[in-house]
Amino acid sequence: MNFKKILFVAAVIFCGIHSEAQNNPVFPGWYADPEGTVFEEKYWIYPTYSAPYEKQVFMDAFSSDDLVNWEYHHRIIDTSEVKWAEKAMWAPAIISKEDKYYLFFAANDIQSDEELGGIGVAVADQPQGPFKDLLGEPLIGKFHNGAQPIDQFVYKDGDDYYMFYGGWRHCNVAKMNDDFTGFVPFEDGTTFKEVTPDKYVEGPFMFKRNGKYYFMWSEGGWTGPDYSVAYAIADSPLGPFERVGTILKQDMNIATGAGHHSIIQNPDNDEYYIVYHRRPLTETDGNSRVTCIDRMYFDEEGYIKPVIITNEGVDLTKEK
């Protein structure tokens, strides 16, 4: 076989190997707990920088026009801006209101009410920041109903904004005030109402489709292969939430520890994407997590079909 023929065969093999797009993970680096959303006709992902807590002191963001090609926005906030935060900034949530962008985050991984930390909030004039600490102290700095103040998600329902949050297998919901500096009590006088579904561990998320509220959460241990996502369907954003089943989990041919997710809907249609982290098969370190996107589908009755996790991810040649 002559040299030119060798090159031709090698090229054929190479093209065959790479004939399908390999878009998962969606961007390089160790990133977890991704919050996906749409701002100003762009897709955005706000993840945790996945590292030991002492190094987990800043947050990056990523933006895209097509869910495939991502622009990197470095250090949109860090502990030099949030004076009360010393370490472990993670699980961002973000929402826009009146031309402002509000970024919610957990910091310091507090284990009791005697420690300083919990859930904070920062504000910016644009989605890429820079974000400034809004309060100079935690928005939620205590344990309520047994819920560790982490993993917050803010959901807009009409004119109301609700925060779902909580670790340690407890989930609370609270109604936010107009400027996101605090909370408004519910009609029964309580401020933090527990809405924990069966097998809940952490990572709450909500979206609405066809008049139904889909409440989702993570189960299992975040460092283990059993990490997964389950959901419930309710008629109200306040529940009750009866567990339907698991829709995201590991695939030993692809990756382990698939969980702590969010959902992005295509603004132009009924296409839904699940944004989540997982651990490559080659990795055993708990912090070695990557952010991925795969399509999410519903059956005729509105139930979520189990998600097939892929290396391909979003393939623009198939999405059109």
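Let's start with confidence: this is a predicted model, and the protein chain averages a pLDDT of 93, with 92% of the residues scoring at least 70. Please be careful with residues 1-19, though, where the pLDDT is below 50. Beyond near neighbours in sequence, that stretch has one contact in the model.

Now, let's look inside. The structure holds one cavity of 30 Å³ or more, and the space in the largest cavity comes to about 80 Å³. Which residues lie nearest its centre? They are Glu35, Pro92, Pro204, His260 and His261, out of 13 lining residues. If you'd like to find the walls on screen, look for β1 (31-39), β5 (90-97), β14 (202-209) and β18 (255-265), which each give two or more residues to the lining. By class, that lining has six nonpolar, four polar and three charged residues.

Next, the nonpolar core. The largest one has 39 residues, and among those touching the most other members are Phe164, Phe207 and Met216. Let's stay with Phe164 for a moment. Leaving out residues up to four places away in sequence, Phe164 touches Pro204, Met206, Phe215 and Phe241, among others. You may remember Pro204 from the cavity, where it is one of the residues nearest the centre.

Last stop: His144, in the loop between β8 (132-133) and β9 (153-157). Why do we call His144 partly exposed? Because its relative accessible area is 25%, and partly exposed covers the range between under 20% and over 50%. Apart from neighbours within four places in sequence, His144 is in contact with Tyr165, Asn172 and Phe192. Asn172 is also on the list of residues that Phe164 touches.

Key. Residues are numbered from 1 along each chain as its sequence is written. This is a predicted model: local features need pLDDT of at least 70, side-chain atom pairs count only at pLDDT 80 or more; totals for chains, interfaces and linings use all residues. Side-chain values use heavy atoms; hydrogens and water are left out. pLDDT is the predictor's confidence in each residue, from 0 to 100. Contact means heavy atoms within 4.5 Å. On a 1 Å grid over the protein atoms alone, a cavity is a set of points where a 1.4 Å probe fits but cannot get out, and a pocket is an open set with protein on both sides within 12 Å along at least five of seven lines; lining residues have an atom within 4 Å of a point. Grid points are joined across faces, edges and corners, and a volume is the space filled by probe spheres set on the points. Helices (H or I, at least four residues) and strands (E, at least two) are DSSP runs, numbered from the N terminus. Ala, Val, Leu, Ile, Met, Phe, Trp, Tyr, Cys and Pro count as nonpolar, Asp, Glu, Lys and Arg as charged, and the others, Gly among them, as polar. A nonpolar core is a set of buried Ala, Val, Leu, Ile, Met, Phe, Trp, Tyr and Cys residues joined through side-chain atoms within 4.5 Å. Buried means under 20% relative accessible area, exposed over 50%, partly exposed in between (1.4 Å probe, protein chains only).
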